[in-house]
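Visitor: I am new to this structure and would love a close look at a single part of it. Could you take me through the salt bridges, one by one, and show me where their partners sit?

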Amino acid sequence: MSRADRARLATLALLGMLLVLLAAETLLFAPAGTAIGAIAFVLALKLLPLAAFLPGLRARRVRAALWLGFLLMPYFVWSVLAAMAPGSEGSLAVVRALLISATFLATVFYARWQGESATSA
């Protein structure tokens, strides 16, 4: 297994963990009495943009990894802002920011190593 394949698998695993964390966080911190439709809308708003990259990553498309890296940036900013805000969500936002950073690094390494193997072949 090449370095690029390991980085791609790490990207997929970290993205999966991020999706699970975002879903759990949305369900745990939903205000009491919130309508199911509203929670479903927020879940879709948080998860679908990231989940859209799963098929491209599974198909080994480097462009999907590069675009995922760009899309992770607003999520990172949102996490850092939430970590600095007072309240119970702050510590979980730090975990989210670290997970987003790890996912970003994995996408960068995958794109770089896949590009190197494509040019050397």
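Guide: Let's start with Glu-116, which counts as partly exposed because its relative accessibility is 32%. Please keep in mind that this is a predicted model. The side chain of Glu-116 meets that of Arg-112 in a salt bridge, with 3.2 Å from N to O. Arg-112 is exposed, at a relative accessible area of 52%. Both residues belong to helix 5, and because they are four residues apart there, about one helical turn separates them. This pair also has company: Arg-3, Arg-112 and Glu-116 are linked in a network of salt bridges.

Why do such pairs form at all? Side chains of opposite charge can pair when their charged atoms come close. The structure holds four salt bridges.

Now let's move to one that involves Arg-60 and Asp-5, whose closest N and O atoms are 3.7 Å apart. Arg-60 lies in the loop between helix 3 (54-58) and helix 4, whereas Asp-5 lies in helix 1 (residues 3-28), so this pair ties together parts that are 55 residues apart in sequence. With a relative accessibility of 44%, Arg-60 counts as partly exposed.

Next comes the pair of Glu-25 and Arg-96, where the closest N and O atoms are 2.7 Å apart. Glu-25 is in helix 1 and Arg-96 in helix 5, so the salt bridge ties together parts that are 71 residues apart in sequence. Glu-25 counts as buried, at 2% relative accessibility, and Arg-96 is buried too, with a relative accessible area of 0%.

What surrounds Arg-96? Leaving aside residues up to four places away in sequence, Arg-96 touches Leu-18, Leu-21, Leu-22, Glu-25, Trp-78, Ser-79, Ala-82 and Glu-89. Two of these neighbours, Ser-79 and Ala-82, are among the buried residues of helix 4, which also include Leu-72 and Tyr-75. Helix 4 (residues 62-84) has 23 residues and reaches 34 Å from its first C-alpha to its last, close to the 33 Å expected at 1.5 Å a residue. Arg-96 itself has its place in helix 5 (residues 90-120).

To set these pairs in the whole chain, picture five helices and zero strands. Of the 121 residues, 35% count as buried. Residues 24 or more positions apart account for 71% of the contacts with a separation of 6 or more. As for charge, the mean positions of the 10 positive and 4 negative charges are 8 Å apart.

Definitions and conventions:
Residues are numbered from 1 along each chain as its sequence is written. This is a predicted model: local features need pLDDT of at least 70, side-chain atom pairs count only at pLDDT 80 or more; totals for chains, interfaces and linings use all residues. Side-chain values use heavy atoms; hydrogens and water are left out. Helices (H or I, at least four residues) and strands (E, at least two) are DSSP runs, numbered from the N terminus. Buried means under 20% relative accessible area, exposed over 50%, partly exposed in between (1.4 Å probe, protein chains only). Contact means heavy atoms within 4.5 Å. Lys and Arg count as positive and Asp and Glu as negative; His and the chain ends are not counted. The place of a charge is taken as NZ of Lys, CZ of Arg, CG of Asp or CD of Glu. The expected span of a helix is 1.5 Å times one less than its number of residues.
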